[in-house]
Amino acid sequence: MGMTMSEKILAKAAGHSNVKAGDIVWVKADIAMMHDLLGPWLIDGGFRRLGGKLFDKEKVVVVSDHCTPPATVQQADILKFTRDWARDQGLPYYYEFEGPCHQVIVEHGHVRPGRLILGTDSHTCMAGGLGAFATGIGSTEMIGVLLTGETWMKVPETIKVIWDGELPHGVYAKDIVLKTIKDIGHAGATYQTIEFSGSAIKSLSMDERLVLSNMAVEAGAKTGLIEPDETVIEFLRSKGVDDGLETVRSDEDASYAQILHYNASELEPQVACPHEVDNVHPISAVEGKAVDQVYLGSCTNGRISDLRVAAEILKGKKIAKNIRCLVVPASQHIWMEANKEGILEILTEAGCIVNMPSCGACGGFTSGVIGAGEVVMSSSNRNFRGRMGSSEGEVYLGSPAAVAATAIEGKITDPRKYLLQGVR
Ligand SMILES: CC(C)[C@@](O)(CC(=O)O)C(=O)O
Ligand code: SF4
């Protein structure tokens, strides 16, 4: 019997030649990632009580992103704690004020095909877009990983999600993943891997692949994998990575818990409505819903291609009166690229506010939280009650194009009418 990608990566991490779904294995982490909010300040006590010695400094990456820039004294204290901790531990890889951790670790080359990446954040699964088995673990579990470099895991079954065909213009990876989550359900892939494949997936850029893997956890999945190919290798080379580039793929005769098959050419823009990510409808069902804020950003959809699409739509136009449009590039690197390309100017002239890269508005921590009764159209990944501030607020999720079109009209709008041709 052949093995899935997920089984192969975990077999390697466990030092076995063969594992199968359901096996319990001890695995060695290639990268242990923590951020400010769920990292050092939560675990330092336990970590020290158990010896306080890191298994391997080179494999521990800490990113301060949630409390940046701090909006309260408590956040400033958390940030300081995290920064001091990284310095005291002599960590070579500590990043702050650069953007959400998932984007930062990808840009800095920590993510490579076939690696096992454990992080104290549920969207750690985003690294699966490069073919790494990446998953979120609890902060307490991270203590053990920091001390020993190991943890146990049950090898997950895999749901294979095949998207063939060509995406129509105005329809994006975000729409693919929202439709997939709708069908699987928000807990339908619990303790399973989702493997995205098919010709539509293969033709996605690196930016768009990361949208799929990022949101795998919104169906409950442990990770979301895409077979690494030339797109991934070229991306990593462009980041100066030239080792650890071997690919990994599922065998033809691997076995799957479920196989779903879709035709991308038939897909329309999708929107996840409050307050669950699987409450997904075609945009036509919610068109016209008035919003108070639109948010273009996050580790899900704040990359350069997302900003380009938004700029294409907003160029020479103005956002609606009485709404706010927050743009938050997913990293400092992307911010600079967007600046060079004139995108920030286009968006600012349209009336958007460009914030610094951070988790702030996405997680409802810093600049951009919403009040009771306010409605947001967001390019991020979660619309839970209270997610972006008030529990009396409402968050709708869509593609960056849908977000930009909504900014113009002040109500949820199908982006296709603003796109004369496909922009990716
Ligand atoms: C801390 C929080 C807002 C988080 O980053 C946490 C997480 O994903 O585990 C999220 O996106 O929900
Ligand atoms: S989902 Fe939002 S809060 Fe969570 S890591 Fe990504 S940008 Fe940060």
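This is a short walk through one protein model, from its two domains to its ligands and its core.

Okay, hi everyone. Before anything else, please keep in mind that this is a predicted model.

Let's start with the overall layout. The domain assignment splits the protein into domain 1 (5–263) and domain 2 (271–418). Their C-alpha centres sit 24 Å apart. Where the two meet, domain 1 puts in 33 residues and domain 2 puts in 31 residues. On the domain 1 side, the elements giving two or more residues are α4 (101–107), α6 (173–184) and α8. Which of them gives the most? That's α6, with six residues. If you sort that side of domain 1 by class, you get eleven nonpolar, twelve polar and ten charged residues.

Now, the ligands. Around ligand 1 you'll find Leu37, His66, Asp121, Ser122, His123, Gly136, Cys359, Gly363 and Arg382. By class, that shell has two nonpolar, five polar and two charged residues. And where does ligand 1 lie with respect to the domains? Both domain 1 and domain 2 give residues to its shell, so ligand 1 lies between them.

On to ligand 2. Its surroundings are Pro100, His102, Asp121, His123, Ser298, Cys299, Cys359, Cys362, Gly363, Ser380 and Asn381. Here the split is four nonpolar, six polar and one charged. Ligand 2 also lies between domain 1 and domain 2, because both give residues to the shell around it.

You may have spotted some cysteines in there. An unreviewed UniProt entry carries the annotation "binding site" for Cys299, Cys359 and Cys362. These cysteines span 64 residues in sequence, yet no two of their C-alpha atoms are more than 9.1 Å apart, so they gather at one spot.

Let's look at two of them. Cysteine 299 lies in helix α10. Is cysteine 299 buried or exposed? It has 27 C-beta neighbours inside 10 Å, and the cut-off for buried is 20 or more, so cysteine 299 counts as buried. Leaving out residues up to four places away in sequence, cysteine 299 touches Pro100, His102, Gln103, His123, Met126, Asn214 and Ala330.

Cysteine 359, on the other hand, is in the loop between β16 (353–354) and β17 (375–378). Cysteine 359 counts as buried because it has 29 C-beta neighbours inside 10 Å. With the same sequence neighbours left out, it touches Asp65, His66, Pro100 and Phe365.

Next up, helix α11, residues 304–314. Eight of its eleven residues are buried, so the helix is largely enclosed by the rest of the structure. Those buried residues are Ile304, Asp306, Leu307, Val309, Ala310, Ala311, Ile313 and Leu314. What do they pack against? The partners are α8 (206–214), β14 (293–297), α10 (298–301), α12 (332–340), α13 (343–349) and α14 (400–409). After α11 comes glycine 316, with a positive phi near 75 degrees.

That brings us to the core. In soluble globular proteins, nonpolar side chains tend to be buried together. In this model, the largest nonpolar core has 138 residues, and the ones touching the most other members are Val294, Ala310, Leu314, Leu347 and Ala404. Domain 1 and domain 2 both give residues to this core, so it lies between them.

Take alanine 404 as an example. Apart from residues up to four places away in sequence, alanine 404 touches Leu296, Val309, Ala310, Ile313, Leu314 and Pro415. Of those, Val309, Ala310, Ile313 and Leu314 are among the buried residues of α11. Okay, that's my tour, thanks!

Note on methods: Residues numbered from 1 in each chain as written. Chains lettered and ligands numbered in written order. Predicted model: local features only at pLDDT ≥ 70, side-chain atom pairs only at ≥ 80, totals over all residues. Buried ≥ 20, exposed ≤ 12 C-beta atoms within 10 Å, placed from the backbone. Helix = DSSP H or I, 4+ residues; strand = E, 2+ residues; numbered from the N terminus. Contact = placed C-beta atoms within 7 Å. Near = placed C-beta within 6 Å. Nonpolar A, V, L, I, M, F, W, Y, C, P; charged D, E, K, R; others polar. Domains from an automatic or database assignment. Core = buried A, V, L, I, M, F, W, Y, C linked by C-beta atoms within 7 Å. UniProt positions renumbered as here; feature names shortened; annotations may be inferred.
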